[in-house]
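Work through these exercises with the coordinates open. Each task is followed by a solution in steps.

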Amino acid sequence: MRSSRWVPIAGWCVATATSIVLSSVALSPVLNAARADSGELPDIDQLPAPAAVSETSPVPPPETADPTRTTKPVPSRTRSSSADPRPTSKSPSPNAPSTTPAKPVTTTEDGWTVTTSDGVKTYVKSFTTEGGTAVIRMSSKGTVSLVTATPADGYRVEKQGSDVNLAVYFHRTGKSFIIHAQWFNNAPFVEVSEVGS
């Protein structure tokens, strides 16, 4: 136990001695050249900087003869060669999400044909009146659109509104049928009314 206190001091002494030796080795060509030329020492500003001892590669401390201390061997790590027998392609794990899109699921709700794709429901339904037939499409995002509108004989069709509140009119002189569609309370809402006689 007592010898372990001297290990840091011995390491410092070795590092200091190493830096002195490296400085002497770096300066010796300059000093020899100056002696050969003029016999005088060169100016201190013209001397190259001494080599520095890197802190990233410390000098190992000297071994001490401690019979109670044992050293464990460190296993060496070998870098795998380019001829690695393991396969390079990665197979998808069973828990990984599928990259192929899910097929749409079609059901029926209150006379609407409902298609669910990526969590969004699309509702489609045909409405027939005396003035004509209209096919309305709505989505669970709240949008409303007219797919087709076919007026009956003697009627003309007119579309009004927006993509959230749609009205389809079937007109003739003195009489109209109105199909009003909008997304309401998280469900499609359609009201069919008759105006005139």
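**Exercise 1. Place V195 in its strand and describe its surroundings.**

Start with the secondary structure. V195 is found in strand 9, which spans residues 187-196. Bear in mind that this is a predicted model.

Next, take the bridge partner. V195 pairs with S176. That bridge belongs to a set of 10 that join strand 8 (residues 175-184) to strand 9. The two strands run antiparallel.

Then list the contacts. Leave aside neighbours within four places in sequence, and V195 is in contact with G174, K175, S176 and I178. For G174, check the backbone too: its C-alpha atom is separated from that of V195 by 8.2 Å. Along the chain, these two residues are 21 apart.

Last, classify the exposure. Buried requires under 20% relative accessible area, and exposed requires over 50%. V195 has 45% relative accessibility, so it counts as partly exposed.

**Exercise 2. Determine the strand order of the sheet that contains strand 9, and name its edge strands.**

The order is 6-7-8-9. These 4 strands form an open sheet with antiparallel pairing. Now look for strands that pair on one side only: they are strand 6 (156-161) and strand 9. From one strand to the next, the twist averages 15 degrees.

**Exercise 3. Repeat the analysis for the sheet of 5 strands.**

Read off the order: 1-2-3-4-5. This sheet is also open, with antiparallel pairing. Strand 1 (105-109) and strand 5 (144-151) each have a single partner strand, so one side of each lacks a neighbour in the sheet. The average twist is 20 degrees from one strand to the next.

Now inspect one edge. Strand 4 (residues 132-139) is joined to strand 5 by 7 bridges, and the two run antiparallel. For a specific pair, take A134: its bridge partner in strand 5 is A149.

**Exercise 4. Classify the ring pairs W112–Y123 and F184–F189.**

A search of the whole structure gives 5 aromatic pairs. Two are worked here.

Begin with W112 and Y123. Their ring centres are 6.2 Å apart and their planes stand at 85 degrees, so the pair is edge-to-face. W112 lies in strand 2 (residues 112-117), while Y123 lies in strand 3 (residues 120-129). The two are 11 residues apart. Both W112 and Y123 are buried.

Turn to F184 and F189. The centres are 6.0 Å apart and the planes are at 55 degrees, so this pair is tilted. Check each residue's exposure. F184 has 44% relative accessibility and therefore counts as partly exposed. F189, at 34%, is also partly exposed.

Finally, extend the search to a cluster. Ring pairs link W112, Y123, F127 and W183.

**Exercise 5. Summarise the protein chain as a whole.**

Count the elements: 1 helix and 9 strands. Write them in sequence order, and the pattern is α-β-β-β-β-β-β-β-β-β.

Then take burial. The chain has 197 residues, and 16% of them count as buried. Its accessible surface is about 15,300 Å². Carbon and sulfur atoms hold 56% of that area.

Close with contact range. Consider contacts in the chain with a separation of 6 or more: residues 24 or more positions apart account for 23% of them.

Note on methods. Residues are numbered from 1 along each chain as its sequence is written. This is a predicted model: local features need pLDDT of at least 70, side-chain atom pairs count only at pLDDT 80 or more; totals for chains, interfaces and linings use all residues. Side-chain values use heavy atoms; hydrogens and water are left out. Two strands pair if DSSP finds at least two bridges between them. Axes are lines fitted to C-alpha atoms, for helices over the stretch in contact, and angles run from 0 to 180 degrees between N-to-C directions. Buried means under 20% relative accessible area, exposed over 50%, partly exposed in between (1.4 Å probe, protein chains only). Contact means heavy atoms within 4.5 Å. Accessible areas come from the Shrake-Rupley method with a 1.4 Å probe; for residues, only the protein chains shown count as cover. Rings of Phe, Tyr and Trp (its six-membered ring) pair if their centres lie within 6.5 Å; planes under 30 degrees apart count as stacked, over 60 as edge-to-face and the rest as tilted.
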